[in-house]
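Here's a walk through one chain, going from a small local detail out to the sheets and the rings. Have the structure open and follow along.

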Amino acid sequence: MFDIAEQSLSIRIARSVEAIQHSFMDNLFYVVGRTLEDASPVDHYTALAHTIRDRLLARFVSSTERYRHSDARTVAYLSAEFLLGPHLGNNILNLDVWGNTWDHTREALQNLGLDLDTILETELEPGLGNGGLGRLAACYMDSLATLEIPAIGYGIRYEYGIFDQEIRDGWQVEIADAWLRNGNPWELPNRQIRYPVKMGGYTEHYVDETNQPQVRWIPATCIYGLAYDTPILGYGVVNANLLRLWKSEALESFDLLAFSHGDYYGAVDDMVVAENICKVLYPNDEPEIGKELRLRQQYFFVTCSLQDMIQMTLRDQGKLTDFADKFVAQLNDTHPSIAIPELMRLLVDEHSMDWESAWNITRQTFAYTNHTLLPEALETWSLPLFQRILPRHLEIIYAINTRFMDEMRWHFPNDSECLTRLSLIDDEGEKRVRMANLACVGSFAINGVAALHSDLLKKTVLQDFYKVWPEKFSNKTNGVTPRRFIALANPSLATLIDSSIGPGWLRDMEQLRHLEVHVDDANFRSHWRQVKRSAKAKLSDYIRQTVGITVDPDSLFDIQAKRIHEYKRQHLNVLHIISLYHQLKQHPHTDITPRTFIFSGKAAPSYRMAKLIIKLINSVANVINHDPQVNERLKVVFVPNMNVKLGQRLYPAADLSEQISTAGMEASGTGNMKFSMNGALTIGTLDGANVEIREEVGEDNFFLFGLSVEAVQALRANGYRSRDFIERTPALREALDLLSSGLFSQGDNELFTPFLDNIWNHDPYLICADFASYAACQEEVGRQFKNSEHWSRLSILNVARIGKFSSDRAIREYCEDIWKTSPISMVQKITRA
């Protein structure tokens with residue numbers, strides 16, 4: 001008998017040109033409510049998104065059912081950030097709708113007089129992350145699905161993501177990121193999945209009918225967390241995993257009684273208070289109210305996620321004794337570490353489990369990834385704040401700490417200082433809860449994110465925990481997905497690679513090694529340069545359209561694109577540019593390689609020095625770009641609003657990637673990987689993953705400068721004086737004098753005084769110590785770039801040897817060494833049409 005449902009499904013999942021065209025028109029009319037004649041660009045995007053989503057959901061539903069009935073351990077990736085980037089292009093790529101020449105989606109749209117690239121540009125990017133942390137989480141979700149690992153990403157559905165950045169008079173101005181203003185066709189609101197979230201109040205201790213001590217938490221407020229689900233599709237497989245983000249809502253959104261009595265604001269007060277929790281990513285935490293909101297956010301998404309995991313365990317297994325076999329939870333930095341006392345609370349208080357059993361389950365469930373070497377960046381909370389928001393959790397933390405300290409006294413019987421450092425409570429000054437210590441104690445595994453970083457963790461901020469539990473520690477060097485950052489960002493390069501070594505490299509980046517045999521092929525090198533020149537021309541057009549600056553795509557594109565922070569040392573780059581400018585003004589006939597210096601990145605709204613550095617970059621750009629004596633050889637551009645979409649323009653166009661942080665400060669970095677896998681050469685220090693990139697690509701294919709970690713430590717220990725280095729580095733002194741003269745501030749000698757005072761008297765990130773080495777290295781870069789054949793060889797070898805830095809490799813290592821989980825392959829039920 002003819003099955004109408006089956007026919008309907010086949011139409012929705014078919015991928016022929018005709019089927020996609022038919023689905024697009026259906027969705028435009030029945031979902032968007034428009035005809036082709038009166039549809040806007042946003043309407044076109046929404047219709048195409050639903051067309052692709054229909055095909056994605058068939059895989060998502062099948063994967064969910066398959067995972068539910070398997071015995072595999074599910075990875076719960078807990079992260080305060082998921083910087084996903086635009087969905088549409090990535091989902092088309094992972095659905096394998098795109099072909100090598102004529103992809104069916106493009107042809108279907110062309111038949112309707114529409115352009116795929118124009119529609120892709122219409123999508124608003126969900127800015128649910130600040131930078132590397134959130135982008136890493138997104139890459140890992142992509143790889144988990146591609147490797148067929150059952151996984152759920154848990155986070156927050158922020159109404160406003162990381163701010164949009166505008167530049168006004170050279171200064172950063174933050175604009176609210178209203179990424180939801182056109183809706184989000186990729187998410188599935190799941191109103192059946194909602195969990196209560198308690199906060200504030202007090203606890204009551206009592207004895208139950210069996211004479212056992214119990215605790216009852218009487219909250220001051222209670223809200224709900226509502227699930228919003230986004231399917232994450234794997235590449236080259238049928239699997240799709242789940243990203244579940246939580247939105248806060250009031251128990252009752254409208255108080256009719258208050259409204260009836262004329263209290264119109266009070267009638268919606270509960271709703272406003274509840275929704276504020278998910279209103280914005282990373283509120284300003286300088287004031288106390290900002291800190292409180294951050295803590296509320298972290299607890300909110302953690303408790304919703306754990307309640308969800310418990311509900312699934314009870315549904316599938318009927319008991320919680322095997323919870324740690326059902327789930328392994330990865331803490332992406334310290335933000336979700338409140339999950340440790342929360343799981344204890346849920347197991348002990350809500351599910352009547354004894355303390356020891358609950359603690360054994362908790363310590364078998366969590367693994368902790370550390371992302372920083374900066375002691376001040378290891379999250380802590382003041383006890384009064386913690387007590388006010390999470391009174392029961394503070395009791396649990398104290399109970400954990402009491403048992404932990406008793407155990408540690410056996411390890412360190414005569415070392416009170418070590419015990420003080422290990423304690424979950426910092427008793428010096430204002431008492432604070434140490435969340436990194438809590439994560440170390442409550443997790444069965446601890447890892448860093450680059451070999452150098454992991455080694456330094458053991459020697460510095462986590463050295464005491466390493467002495468206690470060396471077996472917990474391992475390294476898992478970060479990686480990024482080649483699907484988004486080569487195939488999607490740089491399709492011309494992907495096509496060239498496909499034609500040379502076949503398409504298998506997108507699932508196994510070690511296959512890029514086969515490119516090495518082409519490095520001596522003059523014709524291949526020529527095609528390689530054409531790909532790079534095309535990417536630079538596209539970026540040049542974008543720069544002209546967005547910031548009004550004309551740049552030469554044949555110049556060396558020297559790009560530093562990352563969060564603006566002093567330790568990342570954008571100001572080292574700028575001082576070198578000022579030095580070059582001074583050199584050209586003093587000696588106009590100096591032979592230098594024409595360069596375009598490109599910056600992009602956001603500064604935290606409250607980070608004054610970082611915002612002053614952005615102003616400095618733009619001020620220097622304004623002078624140099626308008627100086628006819630030098631602007632044919634030097635250009636400086638700050639491209640505003642760095643995000644994933646902009647990164648996909650920048651990475652393919654770079655000739656030189658600036659990875660110049662102070663040695664020992666960067667945990668890993670992932671921008672270094674994205675630039676390298678698109679053929680950029682790196683100038684960098686021995687910091688973070690730079691060390692491993694240099695090992696992989698070869699010392700001759702990496703421009704190394706600056707002090708090592710050991711040299712940095714020795715210099716600081718001996719009393720670093722930046723003034724000494726300035727006095728013996730004439731080029732640096734001249735650059736600083738030029739800056740203080742007011743040349744770059746329209747005669748305002750005070751504008752950059754805070755910056756200059758910092759460099760002369762403090763220089764915490766050793767700009768002055770590394771300047772001479774950096775300048776000499778940059779001179780060598782210029783010399784080598786002049787030989788285009790030589791540079792092409794270096795570029796090809798960078799791509800050929802970058803395979804280690806795929807997020808697929810990183811996820812395999814997590815699965816094998818930490819998570820102990822296996823792939824669950826889906827049977828192919830979706831046929832091509």
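Let's start with Ser-16, whose side chain reaches the backbone nitrogen of Ala-19 at 3.1 Å. This is a predicted model, so treat that distance, like the other values here, as computed from it. Ser-16 sits in the loop between helix H1 (4-13) and helix H2 (17-30). Is Ser-16 buried or exposed? Its relative accessibility is 16%, and because the cut-off for buried is under 20%, Ser-16 counts as buried.

**The nine-strand sheet**

Now to an open sheet of nine strands with mixed pairing, in the order S5-S8-S9-S2-S1-S10-S11-S15-S16. Which strands stand at the edges? They are strand S5 (188-199) and strand S16 (473-475); each has a single partner strand, so one side of each has no neighbour in the sheet. On average, neighbouring strands here are turned by 25° against each other, if you ignore direction.

Within this sheet, strand S10 (residues 327-332) and strand S11 (residues 366-369) pair in the parallel sense, with four bridges between them. If you want a spot to zoom in on, Ala-329 has Phe-366 in S11 as its bridge partner.

Two helices are worth a look against this sheet. Helix H12 lies across strand S1 (74-78), S5, S10 and S11, and runs at about 165° to S11. Helix H34 (residues 807-819) also packs on the sheet, touching S1, S10, S11, strand S15 (445-448) and S16, and its direction makes about 115° with that of S10.

H12 (residues 339-350) is mostly covered, with eleven of its twelve residues buried. Charged side chains are on that list too: the buried residues include Glu-342, Arg-345 and Asp-349, along with Leu-343, Met-344, Leu-346, Leu-347 and Val-348. Just after H12, Ser-352 takes a positive phi of about 55°.

**The six-strand sheet**

Further along the chain, six strands form an open sheet in the order S19-S18-S17-S20-S21-S22, and here the pairing is parallel. Strand S19 (634-638) and strand S22 (702-704) stand at the edges, each with a single partner strand, so one side of each is left open in the sheet. From one strand to the next, the twist averages 20°.

Strand S17 (residues 556-561) and strand S20 (residues 656-659) pair in the parallel sense over two bridges. Ile-559 has Ser-657 in S20 as its bridge partner. Helix H23 (residues 570-586) packs on this sheet and touches S17, strand S18 (595-600), S19 and S20, with its direction at about 155° to that of S18.

Ala-735 belongs to helix H30 (residues 730-740) and is buried, at 0% relative accessibility. What is Ala-735 in contact with, leaving aside its neighbours within four places in sequence? The answer is Leu-575, Ile-578 and Ser-579. For a sense of scale, Ala-735 and Trp-505 are 230 residues apart in sequence and 46 Å apart in space, C-alpha to C-alpha.

**Rings and charges**

The count comes to 20 aromatic pairs. Here are two of them, side by side.

| Pair | Arrangement | Centre to centre | Between planes |
|---|---|---|---|
| Phe-404 and Phe-465 | stacked | 6.3 Å | 5° |
| Tyr-651 and Phe-675 | edge-to-face | 4.8 Å | 85° |

Take the stacked pair, Phe-404 and Phe-465. Phe-404 lies in helix H15 (residues 391-411) and Phe-465 in helix H19 (residues 463-468), so the pair ties together parts that are 61 residues apart in sequence. Phe-404 is buried at a relative accessible area of 3%, and Phe-465 is buried at 2% relative accessibility.

As for the edge-to-face pair of Tyr-651 and Phe-675, Tyr-651 lies in helix H25 (residues 644-653) and Phe-675 in helix H26 (residues 671-676), so this pair links parts 24 residues apart in sequence. Tyr-651 is buried, with a relative accessible area of 5%, and Phe-675 counts as buried at 0% relative accessibility.

There's also an aromatic cluster formed by Tyr-77, Tyr-140, Tyr-814 and Trp-819.

Finally, where do charges sit over rings? Arg-216 lies over the face of Tyr-206, at 4.2 Å from the ring centre. Lys-472 lies over the face of Trp-469, at 3.7 Å from the ring centre.

Definitions and conventions
Residues numbered from 1 in each chain as written. Predicted model: local features only at pLDDT ≥ 70, side-chain atom pairs only at ≥ 80, totals over all residues. Heavy atoms only, no water. Buried < 20%, exposed > 50% of the residue type's maximum accessible area, 1.4 Å probe, protein only. Polar contact = N/O pair within 3.5 Å; in protein donor to acceptor, adjacent residues only side chain to side chain. Pairing = 2+ DSSP bridges. Axes fitted to C-alpha atoms, helices over the stretch in contact; angles between N-to-C directions. Contact = heavy atoms within 4.5 Å. Phe/Tyr/Trp six-rings, centres within 6.5 Å; stacked < 30°, edge-to-face > 60°. Lys NZ or Arg CZ within 6 Å of the ring centre and 35° of its normal.
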